Amino acid sequence: MTKIAFIFPGQGSQAVGMGSELVHANEGNKEFYDKADNQLGFPLSKLMLQGPVEELTYTYNAQPALLTTSTMVSELLQAAGLKPDYTIGHSLGEYSALVASGVMSFEDGIKIVHERGLYMNDAVPAGEGAMAAILGMESDALKVVTDLVTSQGDVVQLANLNCPGQIVISGTKQGVEKASVQAKEAGAKRAIPLVVSGPFHSELMRPAASKLKHALDQLEMHNTDVPVISNVTASPVTTADEMKELLVQQLYSPVRFEESIRALMDLGVNTFIECGPGKVLSGLVKKIDRSAGIYAAYDLESIEQVIEASKEWA
């Protein structure tokens, strides 16, 4: 029996032109851009289609842009009869998962992630924080490095536990730079700076968390029959109240992505479909367990391929 999880990418997957092929191919898809523009009060769609990339990368723009594209893909798949048994998002992608599971509306999702991005930027203005992917090092050994750098005055911590051999660190610009150097000295294969505008999933985000809690308290959210796997707990959540609490914690807590994927497999999920720009998460799932069916849906051709493949699923 096929059990499906929709997975949704987070910041770093944004790119100028994302979703453009879908919008140009179907006038109905343009409604997602129109709704996002109307909800935000500025032409996000123009920024998505034309850039510049530097402005698109700002967290308060990248977050609604990614949610718009991911939701468009998810809706196209669901309209073709593909319904997820579970949803999961990586960091910001958790909000796309919430929309796909019916916990919040697309319009509310756009509004809250834009506000979330503003709060995050206010907590640590662009350029003062950083993130980097550390390859080829175990989490325990890397935590020794980040704890040492933090104790010396430059905050840095484990932020994304993505897959075997890939962990993202987050903190002050100086902290991430020092930890990257020391990690390589301690045996890491590579340290790759990420194209993000802030130190997400670090203690530096706590000021944003209190503002986000207030905004979420004003938001209408619903219980769901399609569980969302929480980044914070790596466990399924179905109630709105619990999800609100976890979304606040998510801002400063590590994303337990590898653990979440393994939990989904334990729940019987054997097919993963990445909905949104790029193929980052489907690549991570392959590194976690290649035995699963893994697909990336991001343009017309890839969406059609997933729909065609689904005809063979029991």
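In this predicted model, the axes of helix 6 (residues 93-100) and helix 11 (residues 240-250) come within 11 Å of each other and cross at roughly 165 degrees. An angle over 145 degrees counts as roughly antiparallel, and helix 6 and helix 11 are therefore roughly antiparallel to each other. Their crossing is left-handed. Helix 6 contributes Glu-94, Tyr-95 and Leu-98 to the contact, and helix 11 contributes Met-243, Leu-247 and Gln-250. By class, these residues are 4 nonpolar, 1 polar and 1 charged.

The spacing of such contact residues has a general background. An α-helix has 3.6 residues a turn, so residues three or four places apart point the same way.

Helix 6 is largely enclosed by the rest of the structure, because 8 of its 8 residues are buried. The buried residues of helix 6 are Gly-93, Glu-94, Tyr-95, Ser-96, Ala-97, Leu-98, Val-99 and Ala-100. The charged residue Glu-94 is thus listed among the buried residues of helix 6, and Glu-94 also takes part in the contact with helix 11. Tyr-95 and Leu-98 are likewise buried and likewise belong to that contact. After helix 6 comes Gly-102, which has a positive phi, near 80 degrees.

A second helix pair is formed by helix 12 (residues 257-266) and helix 13 (residues 280-288), which pack at an angle of about 70 degrees with their axes 10 Å apart. Angles of 65 to 115 degrees count as roughly perpendicular, and helix 12 and helix 13 are therefore roughly perpendicular to each other. The crossing of helix 12 with helix 13 is right-handed. On the side of helix 12 the contact is made by Phe-257, Glu-258, Ile-261 and Arg-262, and on the side of helix 13 by Leu-281, Leu-284, Val-285 and Ile-288. The residues of this contact comprise 6 nonpolar, no polar and 2 charged.

The two helix pairs are set out below.

| Helix pair | Crossing angle | Axis separation |
|---|---|---|
| Helix 6 and helix 11 | roughly 165 degrees | within 11 Å |
| Helix 12 and helix 13 | about 70 degrees | 10 Å |

Aromatic side chains are the next topic. The count comes to 4 aromatic pairs, taking ring centres within 6.5 Å as the criterion. One of them joins Phe-6 and Phe-8 in an edge-to-face arrangement, with 6.4 Å from centre to centre and 70 degrees between the planes. Phe-6 is buried, at a relative accessible area of 0%, and Phe-8 is buried with a relative accessible area of 0%.

Another aromatic pair, Tyr-295 with Trp-313, is tilted, with the centres 5.4 Å apart and the planes at 50 degrees. This pair links distant parts of the chain: Tyr-295 is in strand 10 (residues 293-297), while Trp-313 is in the segment after helix 14 (300-310), and the two are 18 residues apart. Tyr-295 is partly exposed, with a relative accessible area of 25%.

The last site is Gly-136, placed in the loop between strand 3 (129-135) and helix 8 (139-151). Gly-136 is partly exposed, with a relative accessible area of 35%. Leaving aside residues up to four places away in sequence, Gly-136 touches Gly-165, Gly-187, Ala-188 and Lys-189. For Gly-136 and Ala-188, the C-alpha atoms are 5.0 Å apart in space, although the two residues are 52 residues apart in sequence.

Notes: Residues numbered from 1 in each chain as written. Heavy atoms only, no water. Axes fitted to C-alpha atoms, helices over the stretch in contact; angles between N-to-C directions. Helix = DSSP H or I, 4+ residues; strand = E, 2+ residues; numbered from the N terminus. Parallel < 35°, antiparallel > 145°, perpendicular 65-115°, else oblique. Left-handed = near helix turned anticlockwise from the far one by under 90°. Contact = heavy atoms within 4.5 Å. Nonpolar A, V, L, I, M, F, W, Y, C, P; charged D, E, K, R; others polar. Phe/Tyr/Trp six-rings, centres within 6.5 Å; stacked < 30°, edge-to-face > 60°. Buried < 20%, exposed > 50% of the residue type's maximum accessible area, 1.4 Å probe, protein only.
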